[in-house]
Amino acid sequence: MNSFVSASAIETKPEAAEDVVRLLDVKRRFGTTPALDGISLSIAKGEIFGIIGRSGAGKSTLIRCLNGLERADGGEIHIEGRNITSLGERDLQPLRRRIGMIFQHFNLLSAKTVEENIALPLKIEGAAKTERLNRARELLDLVGLSDKAKAYPASLSGGQKQRVGIARALAARPALLLSDEATSALDPETTRSILSLLKDINRKLGLTVVLITHEMEVIRTIADRVAVIDSGKIVEEGQVWSVFANPQTAITKSLLSGIRPQLPDHIAARLSRTKGREVIISVDLAGSEAQGALFTDLAAELPHGFRLVHGGIDHIQSQPVARFFIAVPTRNIKLAGKVQQFLTARSARVEVLGYDSDHA
Ligand SMILES: Nc1ncnc2c1ncn2[C@@H]1O[C@H](COP(=O)(O)OP(=O)(O)OP(=O)(O)O)[C@@H](O)[C@H]1O
């Protein structure tokens with residue numbers, strides 16, 4: 001298939017006064033499996049950084065290396081400027097207190113009340129009872145569960161349990177919050193409310209968040225930047241809107257397929273690679289290019305030039321990200337070329353997907 005591509009999305013890393021996490025060529029092997037195969041990345045203070053990949057990509061190994069539960073075989077892991085790869089177990093302890101963690105299955109202690117669960121990290125630190133309880137109340141207020149202090153986890157919904165998990169993770173005032181598939185066991189509405197709470201906490205406390213997930217919707221909803229990992233390597237990294245607008249790898253496209261407009265299956269199934277009455281073209285554009293009256297201008301210039309087949313405009317990190325499918329008649333041999341020229345001149349990425357004869 002022909003491809004007429006003009007890249008438009010500009011990669012800019014948000015200004016990072018200070019990197020909370022920095023990984024340099026991190027490797028971890030299990031037998032012959034390279035779970036992490038040379039991971040390098042930096043995460044700035046206050047960022048929400050998403051790590052996405054399919055099952056077995058290396059996400060859990062990466063997050064376990066970040067909190068020192070797993071040892072890297074090679075490379076360096078710096079947390080708040082400190083290289084943790086060379087630290088012994090005793091020196092790792094204070095560092096682990098700088099890192100809070102939330103889990104898919106919440107990991108709450110069923111025999112303890114909500115406030116005891118939340119205060120547990122402080123108890124381990126040796127904080128006095130009054131201080132522990134005051135902090136637990138403050139956190140219950142932050143996560144919207146002030147009335148559940150004396151309840152036991154079994155009486156809570158999944159969303160409420162995760163709120164307790166978040167409060168517990170924040171008890172020791174960490175610099176970094178690691179989220180390991182924290183919304184994967186929740187329904188879509190509860191997921192939205194938990195993600196919104198995480199975003200709120202990130203804004204209020206300036207907390208750096210690293211979340212691993214296999215769901216692009218989670219990344220879309222709250223992350224600032226994303227790294228896609230596959231077979232232990234970062235295959236793509238960038239600002240979320242930019243990666244959504246212009247995915248570079250097959251794995252990223254596949255992870256995005258559920259939430260990015262796709263050519264409807266019944267049309268895709270009947271496309272011919274060589275000939276047909278119409279040529280079907282995908283049009284991708286983002287940022288300022290997606291704000292203009294592209295299709296109105298195209299229709300004004302080439303009144304019978306195209307037919308809109310499918311697509312829409314999303315807004316990610318306040319940036320418009322548009323993806324459309326259009327059909328251009330092939331009877332006028334020059335028309336398809338003109339349409340493509342018009343679109344690429346306006347920084348749209350255009351790809352010919354095939355030819356269709358069946359549209360009435
Ligand atoms: N303790 C271990 N022993 C042997 N192999 C392991 C171990 N932990 C992970 N692996 C292997 O390392 C690779 C990466 O696993 P990892 O659990 O990090 O992936 P993941 O992206 O978190 O997957 P999932 O989403 O299914 O949890 C996989 O091939 C896995 O089988």
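Around the ligand sit Phe30, Thr33, Ala35, Gly53, Ser55, Gly56, Ala57, Gly58, Lys59, Ser60, Thr61 and His214. Two elements, β3 (33-44) and α1 (59-66), each give two or more residues to this shell. Please keep in mind that the model is predicted. With the ligand as a starting point, here is a short tour of the chain.

**The ligand shell**

- Helix α1 is the element that gives the most to the shell around the ligand, with three residues.
- Sorted by class, the shell has eight polar residues, three nonpolar residues and one charged residue.

**The chain as a whole**

- The chain has 360 residues, and 39% of them count as buried.
- Its secondary structure comes to twelve helices and 15 strands.
- Measuring along the principal axes of the model, the C-alpha trace spans about 80 × 45 × 35 Å.
- Among contacts with a separation of 6 or more, 70% are between residues 24 or more positions apart.

**A pair of helices: α3 and α4**

- Helix α3 covers residues 114-125 and helix α4 covers residues 129-142; their axes come within 9 Å and cross at roughly 125 degrees.
- An angle that is over 115 degrees but not over 145 falls outside the parallel, antiparallel and perpendicular classes, so α3 counts as oblique to α4.
- The crossing of these two helices, α3 and α4, is right-handed.
- On the α3 side, the residues that meet α4 are Glu115, Ile118, Ala119, Leu122 and Lys123.
- On the α4 side, the residues that meet α3 are Glu131, Arg132, Leu133, Arg135, Ala136, Leu139 and Leu140.
- Taken by class, this contact of α3 with α4 has seven nonpolar and five charged residues, and no polar ones.

**A closer look at Glu181**

- Where in the chain is Glu181? Glu181 lies in the loop that runs between β8 (176-180) and α6 (188-205).
- Is Glu181 buried, exposed or partly exposed? Glu181 has 19 C-beta neighbours inside 10 Å, and a residue needs 20 or more to be buried and 12 or fewer to be exposed, so Glu181 counts as partly exposed.
- Once its neighbours within four places in sequence are left aside, Glu181 is in contact with Gln104, Ile212 and Thr213.
- Glu181 and Leu66 are 115 residues apart in sequence, and their C-alpha atoms are 15 Å apart in space.

Conventions:
Residues are numbered from 1 along each chain as its sequence is written. This is a predicted model: local features need pLDDT of at least 70, side-chain atom pairs count only at pLDDT 80 or more; totals for chains, interfaces and linings use all residues. Helices (H or I, at least four residues) and strands (E, at least two) are DSSP runs, numbered from the N terminus. Two residues are in contact if their C-beta atoms, placed from the backbone, lie within 7 Å. A residue is near a molecule or strand if its C-beta atom, placed from the backbone, lies within 6 Å of it. Ala, Val, Leu, Ile, Met, Phe, Trp, Tyr, Cys and Pro count as nonpolar, Asp, Glu, Lys and Arg as charged, and the others, Gly among them, as polar. Axes are lines fitted to C-alpha atoms, for helices over the stretch in contact, and angles run from 0 to 180 degrees between N-to-C directions. Angles under 35 degrees count as roughly parallel, over 145 as roughly antiparallel, 65 to 115 as roughly perpendicular and the rest as oblique. A crossing is left-handed if the near helix is turned anticlockwise from the far one by less than a right angle, and right-handed if clockwise.
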